[in-house]
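Dear colleague,

I am passing on the structure below, together with some notes on one of its pockets and on how one of its helices packs. Please read the notes beside the model.

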Amino acid sequence: MGLGASQKAERPARAWQRMLSGRRLDLLDPSPLDIEIEDIAHGLARVARWNGQTVGEHAFSVAQHSLLVARIGEKLFAKSKPHWYMALLLHDAPEYVVGDMISPFKAVIGGDYKSLENRLQQAIHLRFSLPPELSKAELRAIKSCDRMAAFFEATRLAGFSDAEAARFFSRPRGVTGQDVSDLLKPLPAHQAQGAFLDAFGHLASRLAMEP
């Protein structure tokens, strides 16, 4: 016997996503136990930065963006604690399920998106033994690296002029295009995924030795 219209209306909406690892991640109440780095790497390597409006045969993925931000952080903040470098690599990790929404669209959606993103970020941090919330100084440093990466991407990949990018993003200081040029070539998804996992493994080893 089929469901009536009222019964269908009462059925709760599905709020979880099945991952390739087999995990079911509840997007509204994410559990650290349902988060796997392989799922994160797979997803981020297939999410395009700039809504895909970048030059090259392949999309420039969030996985590559994360590696770029991590490179900038390593160069500018050489004496930071290992947990900060891991947080830097994972700063956009929630996008493996929510996607990379460009800033103008985030502004339209408002707080609901940010709340969801924050819950996912806290669960990711707990999964990988990071502080649930970073200090204001650590967050500012991550934001600075993120904006510098955006400047390089905007001018090298997304068609922005130098002057236009300078109005919207931080003009890089202490790091040059030559320092990161090898990370600005869009890669096939499987290569970006592998590079992200390699970087995570290296940082996890450092984090394990942190007192």
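A pocket, on a 1 Å grid over the protein atoms alone, is an open set of points where a 1.4 Å probe fits, with protein on both sides within 12 Å along at least five of seven lines, and its lining residues have an atom within 4 Å of a point. The model is predicted, so that local features need pLDDT of at least 70 and side-chain atom pairs count only at pLDDT 80 or more, while totals for chains, interfaces and linings use all residues. Residues are numbered from 1 along each chain as its sequence is written, and side-chain values use heavy atoms, with hydrogens and water left out.

The second largest pocket has a volume (the space filled by probe spheres set on the points) of about 190 Å³. Its lining includes L67, R71, E74, L89, L183, H202 and L203, and the elements that contribute two or more residues are α3 (62-76) and α11.

Helix α4 (residues 82-89) packs against helix α11 (residues 189-208) at about 160°, their axes (lines fitted to C-alpha atoms over the stretch in contact, with angles from 0 to 180 degrees between N-to-C directions) being 9 Å apart. That makes α4 roughly antiparallel (over 145 degrees) to α11. In the contact (heavy atoms within 4.5 Å), α4 uses P82, H83, Y85, M86 and L89, whereas the residues of α11 include F196, F200 and R206.

The axes of α4 and helix α8 (residues 136-156) come within 11 Å and cross at roughly 45°. Here H83, W84, A87 and L88 in α4 meet E138, A141, I142 and C145 in α8.

Best regards

Key
Helix = DSSP H or I, 4+ residues; strand = E, 2+ residues; numbered from the N terminus. Parallel < 35°, antiparallel > 145°, perpendicular 65-115°, else oblique.
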